[in-house]
Amino acid sequence: MENIRENVHRILQQIPPHVRLIAVSKTKSAEEILEAYRAGIKDFGENYVQELRQKQPILPNDISWHFIGHLQSNKVKYIAPFVAYIHGVDDVALLQEIEKQAAKHARKIPCLLQIAIATDGSKFGFSTDETFDFLKNGAYKRFEHIVFAGVMGMGSLTEDREITRKEYRLLKTFFDRLKTEVFFDSDDFKEISMGMSHDFDIAIEEGATMIRIGTAIFGERSYK
Ligand SMILES: *Cc1c(COP(=O)(O)O)cnc(C)c1O
C-alpha cells in the first residue's frame with residue numbers, strides 16, 4: 001500500500017487552512033480510505049454512484065461524501081439521502097432531479113455548478129453565458145432544496161501550467177462575477193472547487209477553496 005498517511009500529512013502542510021482537501025478515493029478500497037481517514041481526512045470524493053453506494057454504509061458516518069463525477073439524473077436518488085456536496089452539476093434537468101430527491105429526504109443539498117473552463121475542447125459543464133443567464137433571471141430560486149454553494153471546474157489535460165493557470169483564473173473571475181451580481185446576499189455561495197494532484201498549487205494561488213486530490217494521496221489508480 002502507498003504511504004497514505006504520509007502523503008496526507010505532506011499535502012496538508014502545503015495548503016492553507018481555508019482550503020478544504022477532498023481525498024478522491026474512486027477505485028480505492030475501504031481500507032485505503034480508512035488510512036486517509038485516520039490521517040485526519042473527513043472529506044472524500046467519488047465519481048461513480050455504484051461504488052459510492054457500496055462504500056458509504058461500511059465507512060465512518062462522519063465522512064462527508066462529495067460526488068465529483070458526471071452524475072446521471074436517474075442515479076441521483078441513490079445518493080440523495082447522504083451526499084454532502086454534488087460537484088459538477090452541469091445541466092438544469094439534473095438540478096431538477098436533485099431538487100426532487102432532496103425534497104423527498106427533507107434535505108438541502110449543496111451543489112457546485114460545473115463551468116466549462118477547459119480550452120482543449122472538452123465540453124463538460126455550463127458555459128459562463130448559460131450559467132449567468134440562468135442565474136440572473138432568478139429561476140434558480142425555485143430550487144428550494146438545493147444550496148447554490150459555488151462553482152467547480154476541470155482544466156484542460158495539459159502539462160502546460162500557464163494554460164492551467166489561465167483556466168483557473170477564469171473560474172475565479174466568473175465566481176467573483178456571480179458573487180457580486182447574483183449571490184451578493186448569500187453566505188452559501190462561497191466555494192471554488194478546482195485543482196487536482198498535479199496542479200493544486202496553482203489552483204490555491206488562483207483562489208480554490210476546495211481541491212480534489214486522488215493520486216497524490218492514494219497512488220496511481222488501476223481500473224479493472
Ligand atoms: C479523479 C478526479 C480527481 C483526482 O485526480 P488526481 O489527478 O488523481 O488527483 C479530481 N477531480 C475529478 C473530477 C476527478 O474525476
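Which residues are around the ligand in this predicted model?

**View 1. The residues around the ligand.** Val24, Lys26, Asn47, Ile68, Met154, Met196, Ser197, Arg212, Ile213, Gly214, Thr215 and Arg221 surround the ligand, a residue being counted if one of its heavy atoms lies within 4 Å. This shell comprises five nonpolar, four polar and three charged residues. Ala, Val, Leu, Ile, Met, Phe, Trp, Tyr, Cys and Pro count as nonpolar, Asp, Glu, Lys and Arg as charged, and the others, Gly among them, as polar. The model is predicted: local features need pLDDT of at least 70 and side-chain atom pairs pLDDT 80 or more, whereas totals for chains, interfaces and linings use all residues. Residues are numbered from 1 along each chain as its sequence is written, and side-chain values use heavy atoms, without hydrogens and water.

**View 2. Polar contacts of the ligand.** A polar contact with the ligand is a pair of N or O atoms within 3.5 Å. The side chain of threonine 215 places an N or O atom 2.5 Å from a ligand oxygen. For lysine 26, a polar side-chain atom is 2.7 Å from an oxygen atom of the ligand, and for arginine 221 an N or O atom of the side chain is 2.8 Å from one. The protein buries 91% of the 390 Å² that the ligand exposes when taken alone (Shrake-Rupley method, 1.4 Å probe).

**View 3. The largest pocket.** The ligand takes up the space of the largest pocket, which holds about 620 Å³. Among its 30 lining residues, Asn47, Met152, Met154, Met196 and Arg212 are the closest to its centre. A pocket is an open set of points on a 1 Å grid over the protein atoms alone, where a 1.4 Å probe fits, with protein on both sides within 12 Å along at least five of seven lines; lining residues have an atom within 4 Å of a point.

Terms used
Polar contact = N/O pair within 3.5 Å; in protein donor to acceptor, adjacent residues only side chain to side chain. Sits in = over half its atoms within 2 Å of the grid points. Points joined across faces, edges and corners; volume = space filled by probe spheres on them.
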